[in-house]
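Biologist: Could you take me closely through one part of this model, the place where the ligand sits, and describe what surrounds it? I would like a connected account rather than a list.

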Amino acid sequence: MRLTDISTVKNIMSENGLSFKKSLGQNFLINEAVPCKTAETGAGEYVLEIGPGIGTLTRELAKRAKKVVAVEIDSDLIPVLEQTLSDFDNVTVINADIMKTDLVSLVKENFNGKKVCVCANLPYYITTPILMKIFESGIPLERVTVMVQKEVADRICAEAGSADYGSISAAIAYYGKAHRAFKVSAGLFMPAPKVDSAVVRIDVYENCPYQVKSKENFFRIIKAAFGMRRKTLVNTLSGEFSLSKQQMCEIITDCGFPADVRGEKLSAADFALVENKISKIK
Ligand code: SAM
């Protein structure tokens, strides 16, 4: 079964009376190499896929994994997936919204609590919330490999101080090391989106290298720092944590940064330094 064939995709859709749902970010892959390369990059023994669509990437993951659980929100696609994945006995499809799914229970029930590789061609309307949900859920993660808009991939992988660096770069850097794997042109999807995509691989840290006193404060600092990019960190964080500008200035300079530094210059490790000092007094 070649699910990347344009005529196959069209037939599956028309035979099942389906149309592509833009509101669910339904752009299906129609290139044979991309799902293989994505699965090669992202599969492990236990795989959680988000948004299997008609099962194109799922099949490639199933060939490489011990077990795949695929969570698809669109109930119209479930009968299609039953057909397209019928030759695999290591795939479980769950009809649910990933944002409303209890991931801890899912991993316990399906993978016996083992480490999971998340691999997905993500729906673009909800990329960041899905990524943050995966990382914040506390499930045991080995790797997260996702296809996202190229611009989002650039932001996820950006280094502190670069033009693309933002809150998502610093937030994801807390959990793992992100690498841009490869670019995927818009024309390799049906229907073709307006923008190109890229696959990002995030190797999740076994032990977080940043010693933070309060994870909540760490993420509060990042959110505040990038919420008001033009302001200096002293101005932003003194307001955020109800500290005087002088107190905040001491914290920032004690960490070794200039008093007028902005958040965009600080790496996750730098934010952890600032957090340690703020959490000591707050
Ligand atoms: N994996 C397929 C592929 O690569 O061709 C389809 C990827 S398509 C970009 C995104 C898929 O995510 C769609 O099948 C869509 O229905 C599904 N989806 C959208 N929002 C979702 C959500 N909140 N939870 C689970 N699946 C979702």
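Modeller: The lining of the largest cavity divides by class into 19 nonpolar, 8 polar and 3 charged residues, and in this predicted model the space taken by the ligand is that very cavity. A search of the whole structure finds 1 cavity of 30 Å³ or more, and the largest cavity holds about 390 Å³ of space. Its lining is made up of 30 residues, and those nearest its centre are Ile50, Gly51, Glu72, Asn121 and Pro123. Two or more residues of this lining come from each of the elements β1, β2 (46-50), α3 (56-64) and β3.

Turning from the cavity to the ligand itself, 21 residues surround the ligand, and the closest of them are Gly51, Glu72, Asp97, Asn121 and Tyr125. By class, this shell consists of 12 nonpolar, 6 polar and 3 charged residues. The strands β1 (28-29) and β3 (67-72) each contribute at least two residues to the shell around the ligand. Gly51, Glu72 and Asn121 are thus named twice, since they are listed among the residues nearest the centre of the cavity and also among those closest to the ligand.

Some of the polar contacts can be described atom by atom. A polar side-chain atom of Asn121 is placed 2.8 Å from an oxygen atom of the ligand, whereas for Ile98 a polar backbone atom lies 3.0 Å from a nitrogen atom of the ligand. Ile73 also takes part through its backbone, with an N or O atom 3.3 Å from a nitrogen atom of the ligand. As for how much of the ligand is covered, the ligand taken alone exposes 600 Å², and the protein buries 99% of that area.

Apart from this enclosed space, there is the largest pocket, which has about 300 Å³ of space. The largest pocket is lined by 14 residues, with Lys22, Asn27, Tyr124, Pro193 and Lys194 lying nearest its centre, and its lining comprises 7 nonpolar, 4 polar and 3 charged residues.

Two details of the backbone may also be worth a look while the model is open. The peptide bond that leads from Met190 to Pro191 is cis, with omega near -10°, and Pro191 is placed in the loop between β8 (189-190) and β9 (197-204). Asn112, although it is not a glycine, has a positive phi of about 55°, and Asn112 is found in the loop that lies between α5 (103-111) and β5 (116-121).

Conventions: Residues numbered from 1 in each chain as written. Predicted model: local features only at pLDDT ≥ 70, side-chain atom pairs only at ≥ 80, totals over all residues. Heavy atoms only, no water. Near = heavy atom within 4 Å. Polar contact = N/O pair within 3.5 Å; in protein donor to acceptor, adjacent residues only side chain to side chain. Areas by Shrake-Rupley, 256 points an atom, 1.4 Å probe, with all protein chains shown as cover. 1 Å grid on protein atoms, 1.4 Å probe; cavity = no way out; pocket = protein on both sides within 12 Å on 5 of 7 lines; lining within 4 Å. Sits in = over half its atoms within 2 Å of the grid points. Helix = DSSP H or I, 4+ residues; strand = E, 2+ residues; numbered from the N terminus. Nonpolar A, V, L, I, M, F, W, Y, C, P; charged D, E, K, R; others polar. Points joined across faces, edges and corners; volume = space filled by probe spheres on them.
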